[in-house]
Structure formats: structure tokens, C-alpha cells
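Student: I've got a model to go through, and I'd like to know what stands behind each label. Could you take me through it?

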Amino acid sequence: MAALSGQWNQAMPRLQINGIELYYQIAGQGQPILLIHGLGSSSRDWEQQTDFFARSYQVVTFDLRGHGQSQKPPGPYSMSLFAGDAAELLKALGLAPAHVVGISLGGMIALQLAADSPTSVRSLVIVNAAPEYVVRTLKERWQVASRLLIVRLLGMRRLGAVLGKRLFPKPGQSALRQLFAKRWAENDPRAYLASMRAIVGWSVNDRLAGIDVPTLVVAADQDYTPVAVKAACVARMPQAELIVIQDSRHATPVEQPALFNATIMAFLARQEPSAHC
């Protein structure tokens, strides 16, 4: 993955937000973009996006509560709490409204943020995420239960190895699998489980019509959640559009960074006519 070098602002890497310290970084100048990572991840997973977007925008990355270098308070966590952290971070930095890009859990938080705090959001990019995580079938119950059991019985390193094989199954992706497993092992199990519980049962389906900002929904063709689910989400939002990335799984920004970056930049450029690559 690309190094982030000297563009980061090291002056204030942490802020007190909603009673905890959140770790964040800023790169570049221009309209602000907030990048929100996924479950069990951290702001490091945006390494291949940060320098690229910092050429034209002010890029803010941060670690969610319970993740990375942010504090990991005891649960319970909730999606509204995650979104509230993001809103308060933008407010503290004086950067609202921002273009908000979120993947997986980060995409769910972005939707929650737009619903709860519309003045925080200039536009949305939702990557491989759905507007709800409501367990309805036996298969879905097993998927949740098996992940929780692996964490409790075998630990985060084992879960990282299992997930890494699913996310990066190609022979040429062995380095990504190894890096993913290494980083996943760094997770605090209690914070991870608290974050997982925040997702289960969550939904903003009934609020999609009220999210009236330009929205790009990015769907990998081989993601966990079918493209049809994302298409249904788009149909319920006033200013949303869908793009499908072929030959991609859940970690599209890491798998296909050049295509992903170009796709998002084209969308952002339409929102900011003066932006340039």
C-alpha cells in the first residue's frame, strides 16, 4: 500500500469527541472529504485514497470509537453514536458540510449521519453497504453467530485469517491477505463485539427518502450484499445513483484503488465544478 508521507497534519492528531479521544488525520486543501472505514478496520485502510484525493480536496480520516488509535470505551455502541461522533468531529474541525465516503460499516454510519445531521453532509458515497442489517433468515442468524463465536473462541487473529481469504481469494492477493490478517489481529475483541452488536438490527430504510443530497452508491458485483439491495436503496433516495464495480468483492477501495478513485473523483467533480484532478 502507498505510504502517506509528509502531507499529514501532525499538530492535533486527537480530539475529545463525545467524551472520548478520536484519532484523526488531515491531508490536502479544498472542500472537505470525510472517509469512514469499516468494521474492525481503521483509517489506515484509506492509504490508497488519501494522497489521491488530497490533490484536490481536504481529506479527513479518523478511527471510529473502539477502533485503531481512538479510545475503546465499554459498550454499548450504536449507529447513532458512531454518526454523532462523526458529526461532532466535523463540527470541531469546522469542516461541515463535507463530502462523506463510507465503506461497509462506514457506509451505514454515513447514511445514519445524513439522516441525523443533514447539515454535516454535502454529498454521500456509500460503498458496499446497505441501509439496514436486520437478521431475518436462519442463514443470516448463522452468519452473525459464527462471527461472534470465532471472536470469543478463537480470537481476532483467526477471524482476520478467515475474512482475509474471503475478501482476497486470488493467488496474486496473498500480500493483501497477510496485511489484512495482521491488522485485524490488532482489534480489541470487546470493542469489536460492541461494534458488531451496534450493527445488528439497525435500519434507516424508512428515512432514505429524507436524505436529499447527491449520493453515489458503489456496489461490488461479488459483495456480500446483492447489487439488487443497493439498487432498491438508490430507488428510494431523491438524488442517488448506482455504479457496479466488476470483478470486485467487499474491499473494493483496496482491491481496485485506481478504478475506485477515478469513479469517486468523477462523482465529486460533478458536485464541485471547480474541482480538478
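Tutor: Sure. The protein has ten helices and ten strands, where helices are DSSP runs of H or I with at least four residues and strands are E runs of at least two, numbered from the N terminus.

Student: What makes the protein as compact as a globular protein of that length?

Tutor: Its radius of gyration is 17 Å, and the globule rule gives 19 Å for 277 residues; the two are close, so the label holds. The radius is taken over C-alpha atoms, and the rule is 2.2 Å times the number of residues to the power 0.38. Those C-alpha atoms fill a box of roughly 50 × 40 × 40 Å along the principal axes.

Student: Anything I should know about the source?

Tutor: This is a predicted model, where local features need pLDDT of at least 70 and side-chain atom pairs count only at 80 or more, while totals for chains, interfaces and linings use all residues. Residues are numbered from 1 along each chain as its sequence is written, and side-chain values use heavy atoms, leaving out hydrogens and water.

Student: Which residues of α2 are called buried?

Tutor: Met 79, Phe 82, Ala 83, Asp 85, Ala 86, Ala 87, Leu 89 and Leu 90; buried means under 20% relative accessible area (1.4 Å probe, protein chains only). Across the protein, 54% of the 277 residues count as buried.

Student: How do you know that α2 has close to its expected span?

Tutor: Helix α2, residues 79-93, reaches 21 Å from first C-alpha to last, against 21 Å expected for 15 residues. The expected span is 1.5 Å times one less than the number of residues. After α2 comes Gly 94, with a positive phi near 70 degrees.

Conventions:
Buried < 20%, exposed > 50% of the residue type's maximum accessible area, 1.4 Å probe, protein only.
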